[in-house]
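Visitor: I am new to this structure and would like to look closely at a single part of it. Please take me through that part slowly, and then show me how it sits among its surroundings.

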Amino acid sequence: MRTISSKDNKIFRLCQQLSHKKYRDKLGLYLIEGENLLEEAVKNGAEIKTVLARPDYGGSFFGMEERAFFLDGRLFEQLSQTETSQGIMAIVEKPKLSWEGFKNIDGGNFIVLDRLQDPGNIGTIIRTADAAGYKLAIVMKGTADVFSPKAVRAATGSLFRMPVVFMDSAHELAEFTRAAGKKLVATCFDTDRYYYDEDLKKNIALIIGNEGNGISGELIEGSDVKIKIPMYGNIESLNASVAAGILMYEAVRP
C-alpha cells in the first residue's frame with residue numbers, strides 16, 4: 001500500500017483544510033475517524049474518497065484498500081481529532097440532498113435543529129432521531145456544522161442513514177412542513193400543554209432550539225403545537241439532547 005510521508009502531500013493538506021468548516025462547505029467533503037465509522041460509511045453506501053491509516057493500523061479496510069494510503073505516524077497525529085485514535089480515517093463526500101424530495105414521507109417525523117451550537121448535542125440528537133425512527137433532520141441557518149468532527153463522532157454513524165437538509169428561514173420551514181403534511185411542534189414555557197397531552201407519534205416536525213436561548217420567537221409563533229416538559233425544583237431547562245430524546249421517543253410509545 002502506498003505511503004504518504006510529506007506534509008506537502010496534497011491529500012494531507014486537503015485533510016488539514018477539512019478541519020475547518022469553510023473548506024468542508026466549499027469542497028463538500030468531511031472527515032470521519034475510527035474503524036466503526038468507516039464500517040458504517042461503507043455499509044450505508046457513503047461516497048468515500050480516500051482512506052488514511054497509521055502505519056501500525058492492523059484492522060479492516062472494509063474493501064477500501066484501493067483508495068487507502070498509509071500516513072506517517074506524526075502526520076496522522078496532526079490530523080487526528082480523538083484522544084485515543086484507532087489509527088484510521090477517511091475523506092467522505094457530503095450527501096447532496098434537497099428538501100423538495102421529502103415532501104411525500106407519509107407518517108414519518110422530522111427533527112428540526114434551530115441554531116444549536118454544541119456539536120455533541122447536534123450529533124447526539126441526530127443519533128437519537130435515527131434510533132426513534134425519524135425520517136429527516138432539518139438544520140436551520142445559524143446551527144453549528146453537523147459535519148464537524150465532534151458532531152460526526154457523536155452521531156456514531158447515523159449521519160450515513162439520517163438524511164439532512166438545510167433551511168434558511170422560518171417561512172421556508174413552514175412552507176415545507178405544510179407541503180409534507182407535518183405539524184410544527186415547538187417546546188416553550190408559554191403553554192399549558194405538556195408533551196404527553198399531544199400526539200407526537202407521527203407527522204410532526206419537532207423543533208429543538210438553541211442551548212441558551214431556546215427556539216426563535218418566529219418559529220414558536222409559526223408552530224402548530226406548543227408543548228413543554230414538566231420539571232420540578234429549581235430546574236429551568238434540560239440539556240437540548242436530553243429534551244429531544246424524551247420528546248422523540250414518544251414516536252415509539254406502544
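Which residue is the bridge partner of Val 185 in E11?

Guide: The model is a predicted one, and in it the bridge partner of Val 185 in E11 is Val 225. Val 185 belongs to strand E9, which covers residues 183-187, while strand E11 covers residues 225-227, and these two strands pair in the parallel sense over three bridges. E9 also pairs with strand E10, residues 204-209, again in the parallel sense and over four bridges, and there Val 185 stands opposite Leu 206.

Leu 206 is a good place to pause, for it leads from the strands into the interior. Leaving aside its neighbours within four places in sequence, Leu 206 is in contact with Phe 110, Ile 111, Val 112, Tyr 134, Val 185, Leu 247 and Met 248. Its bridge partner Val 185 is therefore also one of its contacts, if contact is taken as heavy atoms within 4.5 Å. The largest nonpolar core has 49 residues, and those that touch the most other members are Ile 32, Val 51, Ile 111, Tyr 134, Leu 206, Ile 208 and Met 248. The largest share of this core, five residues, comes from helix H9, which covers residues 240-248. Apart from this core lies another one, of 22 residues, which includes Val 112, Met 140, Cys 188 and Ile 220. In soluble globular proteins, nonpolar side chains tend to be buried together.

Helix H9 deserves a closer look of its own, since seven of its nine residues are buried, so that it is largely enclosed by the rest of the structure. The buried residues are Ala 240, Ser 241, Ala 243, Ala 244, Gly 245, Leu 247 and Met 248, and what covers them includes strand E6 (110-114) and helix H5 (119-131), together with E9, E10 and E11. The three strands with which we began are thus part of the cover over this helix.

H9 takes part in the largest pocket as well, where it gives the largest share of the lining, three residues. The elements that supply two or more residues to that lining are E10 and H9. The pocket has a volume of about 500 Å³ and is lined by 21 residues, of which Thr 187, Phe 189, Glu 236, Ser 237 and Leu 238 lie nearest its centre. Sorted by class, the lining has eleven nonpolar, seven polar and three charged residues.

To complete the surroundings, we can turn to another group of strands. Five of the six residues of strand E5, residues 88-93, are buried, so this strand is largely enclosed by the rest of the structure. E5 pairs with E2 in the antiparallel sense over five bridges, with Leu 31 standing opposite Ile 91, and five bridges also join E5 to strand E3, residues 48-53, which runs antiparallel to it. Within that second pairing, the bridge partner of Ala 53 is Ile 88.

Leu 31 also appears in the lining of the largest cavity, alongside Ile 32, Glu 33, Leu 79, Gln 81, Met 89, Pro 149, Val 152 and Arg 153. This cavity has a volume of about 80 Å³, and strand E2 (29-33) and helix H6 (149-155) each supply at least two residues of its lining.

Terms used:
Residues are numbered from 1 along each chain as its sequence is written. This is a predicted model: local features need pLDDT of at least 70, side-chain atom pairs count only at pLDDT 80 or more; totals for chains, interfaces and linings use all residues. Side-chain values use heavy atoms; hydrogens and water are left out. Two strands pair if DSSP finds at least two bridges between them. A nonpolar core is a set of buried Ala, Val, Leu, Ile, Met, Phe, Trp, Tyr and Cys residues joined through side-chain atoms within 4.5 Å. Buried means under 20% relative accessible area, exposed over 50%, partly exposed in between (1.4 Å probe, protein chains only). On a 1 Å grid over the protein atoms alone, a cavity is a set of points where a 1.4 Å probe fits but cannot get out, and a pocket is an open set with protein on both sides within 12 Å along at least five of seven lines; lining residues have an atom within 4 Å of a point. Grid points are joined across faces, edges and corners, and a volume is the space filled by probe spheres set on the points. Ala, Val, Leu, Ile, Met, Phe, Trp, Tyr, Cys and Pro count as nonpolar, Asp, Glu, Lys and Arg as charged, and the others, Gly among them, as polar.
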